[in-house]
Amino acid sequence: MKNLLHDIEEILLMGPGPSSIAQPVYNALASKTLGHLDPYFIKIMDGIKSMQQEVMQTKNRLTFPVSGTGSAGMESCFVNLIEPGDAVLILINGYFAMRMQEMATRLGADVDTLEFEWGTPVNLETVERQLKLKQYKIVAVVHAETSTGVLNPVPELGRLLDQDTLFLVDTVTSLGGIEVKVDDWRIDAVYSGSQKCLSGPPGLSPVSFSDKAVDVVTNRKKPVPNWYLDMSLVLKYWEGGKRSYHHTAPINNLYGLYQALFMALEEGLDNVFTRHAVAHRHLVSGLEALEVSLPVAAAHRLPMLNVISIPKGIDDVQGRLTLLNKYKIEVGGGLGAFAGKVWRIGLMGHTARPENVDRFLTALKEMLI
Ligand SMILES: *Cc1c(COP(=O)(O)O)cnc(C)c1O
């Protein structure tokens with residue numbers, strides 16, 4: 001019988017995630033599996049929590065990775081904080097904020113949205129005006145909108161909110177690539193993903209709740225309508241002197257996240273952010289030389305997710321297949337309003353290196369001849 005795993009090729013992952021994984025993270029995944037209540041494994045969990053606090057720049061006690069991808073982190077934040085009828089404002093300028101709207105709506109929240117054109121950031125004056133009209137329990141925004149390559153003004157939004165409003169932020173694509181300061185930016189609920197700028201294996205979602213958010217969860221009128229993601233239950237496994245079974249943690253995946261966080265902190269967060277910025281500038285200048293345009297205005301571009309117009313003379317689907325099959329490079333196609341119009345070039349985590357940018361530019365140049 002043929003084993004398909006033997007024929008996996010190394011692909012340079014330059015799409016919207018997952019990003020390429022460094023060898024030490026692969027090695028970590030192959031470490032010996034321990035029991036999920038083994039005291040040594042609990043030590044590893046505590047190590048993950050404290051490294052995650054450092055990377056998220058927070059002292060929040062409730063800081064740990066949810067067992068599930070970024071969307072499970074998103075669902076954790078919404079399902080724990082929302083009760084039916086709660087007023088929620090979602091700021092939408094891309095695909096992932098639409099997913100937030102879907103989740104909040106399913107939970108029976110009174111959902112309002114402000115929509116901004118794809119490729120542009122959330123407008124602060126528009127938000128400020130809306131906040132004067134209505135009191136919201138939660139305001140939610142995506143920091144780095146992966147569908148459009150746009151950075152949203154999270155610190156400035158935080159300053160617009162009063163003390164009674166919870167600030168819920170998606171940092172799936174931003175964490176580990178640009179600054180995320182959970183405490184300074186007065187964020188109350190935040191989630192991320194292991195497989196984007198942290199370059200860990202897909203399957204874990206670092207989340208953090210402020211004390212104010214924890215109070216809201218603790219004082220709910222009704223229990224959280226989702227058993228698996230109910231923080232009050234999960235924390236009996238992730239916190240306290242005596243841990244008890246909730247679900248079997250994805251042990252080896254957590255080793256991978258441990259190693260990825262360890263490497264980011266060892267390199268130094270500032271160095272990590274600089275590496276992303278340098279790779280981004282290198283890509284932009286190379287694309288400009290090839291006369292490929294970037295639709296997002298320079299001031300709002302994300303370093304780790306570059307939206308480019310599909311170069312003239314190259315077919316969307318065929319072009320991406322050539323990159324994959326001939327050059328062993330994966331890039332992303334457009335989502336939603338951007339489908340068929342753009343490609344998304346990820347420079348996330350371990351992928352964000354000049355030699356990878358050069359490999360992509362060389363391939364593109366050959367395809368344009
Ligand atoms: C990828 C992504 C998600 C969803 O994460 P999954 O790991 O695919 O579930 C959510 N928000 C943003 C901004 C993302 O880029």
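## Around the ligand

In this predicted model, the side chain of Asp170 places an N or O atom 2.6 Å from a nitrogen atom of the ligand. Two further side chains face oxygen atoms of the ligand: a polar atom of Ser71 lies 2.6 Å from one such oxygen, and an N or O atom of Thr69 is 2.7 Å from an oxygen of the ligand. On its own the ligand would expose 380 Å², and the protein buries 89% of that area.

The elements that contribute two or more residues to the shell are helices α3 (70–81) and α4 (95–106). In total, 13 residues surround the ligand, with Thr69, Ser71, Thr146, Asp170 and Lys196 coming nearest. Sorted by class, the shell holds 4 nonpolar, 6 polar and 3 charged residues.

## Thr173 and its neighbours

Thr146, one of the residues that come nearest to the ligand, also leads us to Thr173. The side chains of Thr173 and Thr146 make a polar contact at 2.7 Å. Thr173 sits in the loop between β8 and β9, and it counts as buried because its relative accessibility is 0%.

Leaving out residues up to four places away in sequence, Thr173 touches Ala144, Thr146, Lys196, Cys197, Met304 and Met348. Lys196 in that list is another of the residues nearest to the ligand. Met304 is 131 residues from Thr173 along the sequence, yet the two C-alpha atoms are 7.7 Å apart in space.

## Asn80, a buried polar side chain

Helix α3, which gives residues to the ligand shell, also carries Asn80. Is Asn80 buried or exposed? With 0% relative accessibility, Asn80 counts as buried, so it falls under the 20% cut-off for that class.

What lies 2.9 Å from a polar atom of the Asn80 side chain? One partner is the backbone oxygen of Leu229, and another is the backbone nitrogen of Met231. Not counting residues up to four places away in sequence, the residues touched by Asn80 are Phe209, Val217, Arg220, Val224, Leu229, Asp230 and Met231.

## Pro65 in strand β2

Pro65 belongs to strand β2, which spans residues 62–67. Its relative accessibility is 0%, and Pro65 therefore counts as buried. Beyond its neighbours within four places in sequence, Pro65 is in contact with Ile48, Gln52, Leu204, Ser205, Pro206, Val207, Trp238, Leu254 and Leu257.

Gly203 offers a useful distance to check in your viewer: the C-alpha atoms of Pro65 and Gly203 are separated by 9.6 Å. Along the chain, these two residues are 138 residues apart.

## Backbone details worth a look

Most residues other than glycine have a negative phi, and most peptide bonds are trans. Against that background, a few places deserve a glance. The peptide bond joining Gly17 and Pro18 is cis, with omega of about 5°. Pro18 is placed in the loop between β1 (12–14) and α1 (23–29).

Arg186 has a positive phi, near 50°, and lies in the loop between β8 (166–170) and β9 (189–191). The loop between β8 and β9 is also where Thr173 is found. Lys328 has a positive phi as well, near 60°; its place is the loop between α11 (316–325) and β12 (329–333). Lys328 is partly exposed because its relative accessible area is 22%.

## The protein as a whole

Zooming out, the protein has 12 helices and 13 strands. Its C-alpha atoms fill a box of roughly 65 × 55 × 40 Å along the principal axes. How does the radius of gyration of the protein compare with that of a compact globule, and what is its value? For 369 residues, a compact globule would have a radius near 21 Å, and the protein has 21 Å, so the two agree.

Buried residues account for 57% of the 369 residues. The protein exposes about 16,200 Å², and carbon and sulfur atoms supply 54% of that area. Among contacts with a separation of 6 or more, 72% are between residues 24 or more positions apart. Pairs such as Pro65 and Leu254, listed as a contact above, can be inspected with that figure in mind.

Methods
Residues are numbered from 1 along each chain as its sequence is written. This is a predicted model: local features need pLDDT of at least 70, side-chain atom pairs count only at pLDDT 80 or more; totals for chains, interfaces and linings use all residues. Side-chain values use heavy atoms; hydrogens and water are left out. A residue is near a molecule or strand if one of its heavy atoms lies within 4 Å of it. A polar contact is a pair of N or O atoms within 3.5 Å; within protein, one must be able to donate a hydrogen and the other to accept it, and residues adjacent in sequence count only if both atoms are side-chain atoms. Accessible areas come from the Shrake-Rupley method with a 1.4 Å probe; for residues, only the protein chains shown count as cover. Helices (H or I, at least four residues) and strands (E, at least two) are DSSP runs, numbered from the N terminus. Ala, Val, Leu, Ile, Met, Phe, Trp, Tyr, Cys and Pro count as nonpolar, Asp, Glu, Lys and Arg as charged, and the others, Gly among them, as polar. Buried means under 20% relative accessible area, exposed over 50%, partly exposed in between (1.4 Å probe, protein chains only). Contact means heavy atoms within 4.5 Å. The radius of gyration is taken over C-alpha atoms; the globule rule is 2.2 Å times the number of residues to the power 0.38.
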